[in-house]
Amino acid sequence: RRIDREIVRSLLGAGGTPAEATDTLDLSALEQRHIARVVRLAGGNKSAAAKLLGLSRRTLLRKGF
């Protein structure tokens, strides 16, 4: 399975603002931020984002996206 370079960079904090890289987040906030980034990288396509995340589209919607 191929992993998009931008997703890896977003997980590592590359390309983000310095404030984002140093923020202390709880697991829920980190999950929300990651999902939002993947949805953005998928061009807003929730089905594609869910597939990249390994979730069903329904689960993605339940998480508020």
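Biologist: At roughly what angle do the axes of helix α3 (residues 27-41) and helix α4 (residues 46-53) cross?
Modeller: Bear in mind it's a predicted model: local features need pLDDT of at least 70, side-chain atom pairs count only at pLDDT 80 or more, and totals for chains, interfaces and linings use all residues. Helices here are DSSP runs of H or I, at least four residues, numbered from the N terminus. I fit lines to C-alpha atoms over the stretch in contact and take angles from 0 to 180 degrees between N-to-C directions. The two axes come within 8 Å and cross at roughly 125 degrees.

Biologist: So what do you call α3 and α4 relative to each other?
Modeller: Under 35 degrees is roughly parallel, over 145 roughly antiparallel, 65 to 115 roughly perpendicular, and the rest is oblique. That's why α3 and α4 count as oblique.

Biologist: Which residues of α4 make the contact with α3?
Modeller: Contact means heavy atoms within 4.5 Å. On the α3 side we have H34, I35, V38 and V39, and these meet α4 at A49, L52 and L53.

Biologist: Which side chains meet in a salt bridge?
Modeller: I want a side-chain nitrogen of Lys or Arg within 4 Å of a carboxyl oxygen of Asp or Glu. Residues are numbered from 1 along each chain as its sequence is written, and side-chain values use heavy atoms, leaving out hydrogens and water. Searching the whole structure turns up one salt bridge. At 2.9 Å, N to O, it joins K63 and E31.

Biologist: How many residues apart in sequence are the parts that this pair ties together?
Modeller: K63 sits in the segment after α5 (57-62), and E31 is in helix α3. The pair therefore links parts whose separation in sequence is 32 residues.

Notes. Helix = DSSP H or I, 4+ residues; strand = E, 2+ residues; numbered from the N terminus.
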